[in-house]
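Work through the exercises below with the model open. Each task is followed by a stepwise solution.

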Amino acid sequence: MKVSLLLGLVCAAILAVGARADAPREPEAVVRRVQEYAEKATAMAKTAFSSVQESEAAQRARQWLADRADLAKQRLDWLKEQLAELWKRPLA
């Protein structure tokens, strides 16, 4: 879920709460309703982010990165070995 979409939903919720307030002189009720909507929006965002993290595409991306990290480590180890052999050789 994009941040701009989430921000838009929160703004819409705040406007809706303000419009639906029973008495305009009761700011506590408005604040309470805004807090409830914010909590719901936060819960929805957490759910969306966790579903993205658990998605198949995310799992494939993590696996691809892990594979590439292993390959990079292997090449770095090979390079270290080559440099160590180079240092061992006598100068001609």
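**Exercise 1. Describe the nonpolar surface patch and place Leu 83 in it.**

Step 1. Leu 76, Trp 78, Leu 79, Leu 83, Leu 86 and Trp 87 make up a nonpolar patch on the surface. Together they offer about 710 Å² of accessible area. Such areas come from the Shrake-Rupley method with a 1.4 Å probe, and for residues only the protein chains shown count as cover.

Step 2. Apply the patch rule: members have over 30% relative accessible area and no salt bridge; like charges are joined within 9 Å, nonpolar side chains (Val, Leu, Ile, Met, Phe, Trp, Tyr) within 5 Å.

Step 3. Locate Leu 83: it sits in helix 3 (residues 56–88). Its relative accessible area is 41%, so Leu 83 is partly exposed. The classes are buried (under 20%), exposed (over 50%) and partly exposed in between, with a 1.4 Å probe and protein chains only.

A note on the basis: this is a predicted model, where local features need pLDDT of at least 70, side-chain atom pairs count only at pLDDT 80 or more, and totals for chains, interfaces and linings use all residues. Residues are numbered from 1 along each chain as its sequence is written, and side-chain values use heavy atoms, leaving out hydrogens and water.

**Exercise 2. Outline the fold and its burial.**

Step 1. Count the elements: three helices and zero strands. Both are DSSP runs numbered from the N terminus, helices being H or I with at least four residues and strands E with at least two. The pattern along the sequence is α-α-α.

Step 2. Check burial: 8% of the 92 residues count as buried. Accessible surface totals about 8,300 Å², with 62% belonging to carbon and sulfur atoms.

Step 3. Take helix 2 (residues 27–53). Its 27 residues reach 38 Å from first C-alpha to last, close to the expected 39 Å. The expected span is 1.5 Å times one less than the number of residues. Buried in helix 2 are Ala 29, Ala 41, Ala 45 and Ala 48.

**Exercise 3. Which side chains form the two salt bridges?**

Step 1. Set the rule: a side-chain nitrogen of Lys or Arg within 4 Å of a carboxyl oxygen of Asp or Glu.

Step 2. Arg 60 meets Glu 56 at 2.5 Å, N to O. They are four residues apart in helix 3, so about one helical turn separates them. Both are exposed.

Step 3. Lys 73 pairs with Asp 77, their closest N and O atoms 3.2 Å apart. This pair also lies in helix 3, four residues apart. Asp 77 is partly exposed, at 31% relative accessible area.

**Exercise 4. Where is pLDDT lowest and highest among the elements?**

Step 1. pLDDT is the predictor's confidence in each residue, from 0 to 100. The protein averages 80, and 82% of residues score at least 70.

Step 2. Helix 1 (residues 3–20) has the lowest mean, 69, and helix 3 the highest, 89. Where pLDDT is low, predicted coordinates should not be read in detail.
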